[in-house]
Amino acid sequence: SGTVGGVAATGYSGAIALAAAKKFLPASSQAVFGSELGAISGDIEFTIWIDRRHRIRELTETGRVGAAIARATITFYGFNQPVTIKVPPVSQVVNLGSEPVSIS
């Protein structure tokens, strides 16, 4: 037990065997993400914090990509609050088309 963003939450940790999980992806997703998923080796470890209303408050994932360790943390807050979205200027927009994108 702990708090995330001032809210009481319960943390759970585990690991996802990516090689086993890939078979549950639809064929179209396997085609799009196949090379990216192939770059990840071993299991993906995770810690997820869930509040009393069963909402995810924070998710951290750690995995090995090539020789590097990659960690991503996403924090969720402001549920059911209004959101203002501003379209970026054209100079900051790139059309990726239908090709998958790989970030190195």
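## Exercises on strands, turns and charges

His 54 is exposed, its relative accessible area being 71% (buried means under 20%, exposed over 50%, and partly exposed in between, with a 1.4 Å probe and protein chains only). The model is predicted, so local features need pLDDT of at least 70 and side-chain atom pairs count only at pLDDT 80 or more, while totals for chains, interfaces and linings use all residues. Residues are numbered from 1 along each chain as its sequence is written, and side-chain values use heavy atoms, with hydrogens and water left out.

**Exercise 1. The overall plan**

Find how many helices and strands the protein has, and in which pattern they follow one another.

*Step 1.* Count the elements: there are two helices and five strands. Both kinds are DSSP runs numbered from the N terminus: helices are H or I with at least four residues, strands E with at least two.

*Step 2.* Read along the sequence, and the pattern is β-β-α-α-β-β-β.

*Step 3.* Add two totals for the whole protein. Of its 104 residues, 13% are buried. Among contacts (heavy atoms within 4.5 Å) between residues at least 6 apart in sequence, 44% join residues at least 24 apart.

**Exercise 2. Building the sheet**

Work out the order of the strands in the sheet, and say which strands stand at the edges.

*Step 1.* Start with E1 (residues 2–4) and E2, which run antiparallel and are joined by three bridges. Two strands pair if DSSP finds at least two bridges between them. In this pairing Gly 2 stands opposite Ala 9, and Val 4 stands opposite Val 7.

*Step 2.* Move on to E2 (residues 7–16) and E3: eight bridges join them, again antiparallel. Here Gly 14 faces Phe 46 across the pairing, and Ala 9 has Asp 51 as its bridge partner.

*Step 3.* Eight bridges also join E3 to E4 (residues 56–65), an antiparallel pair, with Ile 40 opposite Val 65.

*Step 4.* Put the strands together: the result is an open sheet of five strands in the order E1-E2-E3-E4-E5, with antiparallel pairing. E1 and E5 (68–75) are the edge strands; each has a single partner strand, so one side of each is left without a neighbour in the sheet. From one strand to the next, the twist averages 30° (axes are lines fitted to C-alpha atoms, for helices over the stretch in contact, and angles run from 0 to 180 degrees between N-to-C directions).

**Exercise 3. Turns and positive phi**

Locate the residues with positive phi in the two hairpins, then find a further one in the segment after E5.

*Step 1.* The hairpin of E1 and E2 has two residues between the strands, and Gly 5 in its turn has a positive phi of about 60°.

*Step 2.* The hairpin of E3 and E4 has four residues between its strands. His 54 lies in that loop, and its phi is positive, about 65°, although it is not a glycine.

*Step 3.* Asn 80 lies in the segment after E5. It is not a glycine either, yet has a positive phi of about 60°. At 76% relative accessibility, Asn 80 is exposed.

**Exercise 4. Charges around Asp 51**

Which residues are linked with Asp 51 in a network of salt bridges?

*Step 1.* Recall that side chains of opposite charge can pair when their charged atoms come close. For a salt bridge, a side-chain nitrogen of Lys or Arg must be within 4 Å of a carboxyl oxygen of Asp or Glu. The whole structure holds two salt bridges.

*Step 2.* Arg 55 meets Asp 51 at 3.1 Å, N to O. Arg 57 also bridges to Asp 51, with the closest N and O atoms 2.9 Å apart.

*Step 3.* Asp 51, Arg 55 and Arg 57 therefore belong to one network. Asp 51 counts as buried at 6% relative accessibility, and Arg 57 is buried too.

*Step 4.* Follow Arg 55 further: its charged end sits over the ring of Phe 79, 4.4 Å from the centre (the test asks for NZ of Lys or CZ of Arg within 6 Å of the ring centre and within 35 degrees of the ring normal).

**Exercise 5. The surroundings of Trp 49**

Describe where Trp 49 is found and what it touches.

*Step 1.* Trp 49 is in strand E3 (residues 40–51), and is partly exposed, with a relative accessible area of 21%.

*Step 2.* Leaving out residues up to four places away in sequence, its contacts include Ser 1, Val 4, Thr 10, Arg 55 and Arg 57. Ala 9 is another contact; Trp 49 and Ala 9 are 40 residues apart in sequence but 5.8 Å apart in space, C-alpha to C-alpha.
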